[in-house]
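Let's take a walk through this model, helix by helix and then side chain by side chain. Have the coordinates open and follow along.

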Amino acid sequence: MEEDFSVSTPCSSLAIDSVLRMSSAGVIWGACFGPFDARRLGLSGSARASYIAKTVGQCGFSCGIFAAIFTFTHCGMQRYRQKKDWVNTLAAGALAGAAFGAGTRNWKQVAGITGLFCTLFQFAQDSKSV
């Protein structure tokens with residue numbers, strides 16, 4: 001029988017774990033996407049290296065911020081509601097999507113799609129554990 005660490009672990013510890021994981025994924029994504037985008041823009045030499053480094057940093061930071069907002073919201077709602085269900089995931093995904101997409105024209109669309117995607121992911125995770 002496995003222990004549910006989300007009940008006994010502080011939200012801050014869960015958030016740090018998810019930030020480290022998602023930031024690493026963002027850095028990897030930036031390292032893969034940066035050279036492609038730099039080539040498309042026609043950059044070379046130090047301008048190319050600078051652009052790639054900036055892209056790696058931005059992707060890592062963005063993914064880390066998203067993970068922090070999502071995890072804190074999900075954990076906080078789960079503890080407040082005393083329920084572990086899809087509503088927590090939907091609300092956390094929508095809030096993280098709204099915060100992440102606040103600088104865009106379609107922040108409501110970003111929030112809705114992110115909430116839906118996170119909920120679908122939760123359903124997939126729940127179907128594995130049955």
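A residue counts as buried when its relative accessible area is under 20%, and as exposed when that area is over 50%, with partly exposed in between. By that cut-off Ser18 is buried, because its relative accessibility is 13%. Keep in mind that this is a predicted model.

Let's stay with Ser18 for a moment. Ser18 sits in helix α2. Skip the neighbours within four places in sequence, and Ser18 is in contact with Ala67 and Thr71. Phe70 is 52 residues away from Ser18 along the chain, yet the C-alpha atoms of the two are separated by 9.2 Å.

That brings us to the helix pair itself. Two packed helices are described by the angle between their axes and the distance between the axes. Helix α2 covers residues 11–41 and helix α3 covers residues 46–81, and the two pack at an angle of about 150° with their axes 6 Å apart. Angles over 145 degrees count as roughly antiparallel, so α2 and α3 are roughly antiparallel to each other. Their crossing is right-handed. As for who takes part, the contact of α2 with α3 has 21 nonpolar residues, along with eleven polar and four charged ones.

Now move on to the next pair, α3 with α4. Here the axes come within 8 Å and cross at roughly 145°. The crossing of α3 and α4 is right-handed. On the α3 side, the residues that meet α4 include Ser62, Phe66, Ile69, Phe70, Thr73, His74 and Arg81. On the α4 side, the residues that meet α3 include Val87, Thr89, Ala92, Gly93, Leu95, Ala96 and Phe100. Sorted by class, the residues of this contact divide into eleven nonpolar, eight polar and one charged.

Which residues does Thr89 touch, once its neighbours within four places in sequence are left aside? Thr89 lies in helix α4, which spans residues 86–100. Its contacts are Phe70, His74, Cys118, Thr119 and Gln122. Thr89 is buried, since its relative accessible area is 2%.

Right next door in α4 is Leu90. With a relative accessibility of 33%, Leu90 counts as partly exposed. Leu90 touches Gly115, Leu116 and Thr119, again not counting residues up to four places away in sequence. Another marker here is Gly112: it is 22 residues from Leu90 along the chain, with 8.9 Å between their C-alpha atoms.

Back up a little to the loop between α3 and α4, where you'll find Gln82. If you like checking backbone torsions, this is a good stop: Gln82 has a positive phi of about 60° although it is not a glycine. Gln82 is also exposed, because its relative accessible area is 68%.

Finally, the charged side chains. How many salt bridges does the structure hold? There are three.

Start with Asp17 and Arg21, whose closest N and O atoms are 3.0 Å apart. These two are four residues apart in helix α2, so about one helical turn separates them. Asp17 is partly exposed, at 36% relative accessibility, whereas Arg21 is exposed, with a relative accessible area of 59%.

Further along, Asp37 forms a salt bridge with Arg40, and the closest N and O atoms there are 2.4 Å apart. Both residues lie in helix α2, three residues apart, which is about one turn of the helix. Is Asp37 buried or exposed? At 7% relative accessibility, Asp37 counts as buried. Its partner Arg40, at 59%, counts as exposed.

The remaining pair is Arg81 and Asp85, whose side chains meet in a salt bridge at 2.8 Å, N to O. Arg81 counts as partly exposed at 26% relative accessibility, and Asp85 counts as partly exposed at 21%. Arg81 has turned up before: it is one of the α3 residues that meet α4.

Terms used. Residues are numbered from 1 along each chain as its sequence is written. This is a predicted model: local features need pLDDT of at least 70, side-chain atom pairs count only at pLDDT 80 or more; totals for chains, interfaces and linings use all residues. Side-chain values use heavy atoms; hydrogens and water are left out. Axes are lines fitted to C-alpha atoms, for helices over the stretch in contact, and angles run from 0 to 180 degrees between N-to-C directions. Angles under 35 degrees count as roughly parallel, over 145 as roughly antiparallel, 65 to 115 as roughly perpendicular and the rest as oblique. A crossing is left-handed if the near helix is turned anticlockwise from the far one by less than a right angle, and right-handed if clockwise. Ala, Val, Leu, Ile, Met, Phe, Trp, Tyr, Cys and Pro count as nonpolar, Asp, Glu, Lys and Arg as charged, and the others, Gly among them, as polar. Buried means under 20% relative accessible area, exposed over 50%, partly exposed in between (1.4 Å probe, protein chains only). Contact means heavy atoms within 4.5 Å. A salt bridge is a side-chain nitrogen of Lys or Arg within 4 Å of a carboxyl oxygen of Asp or Glu.
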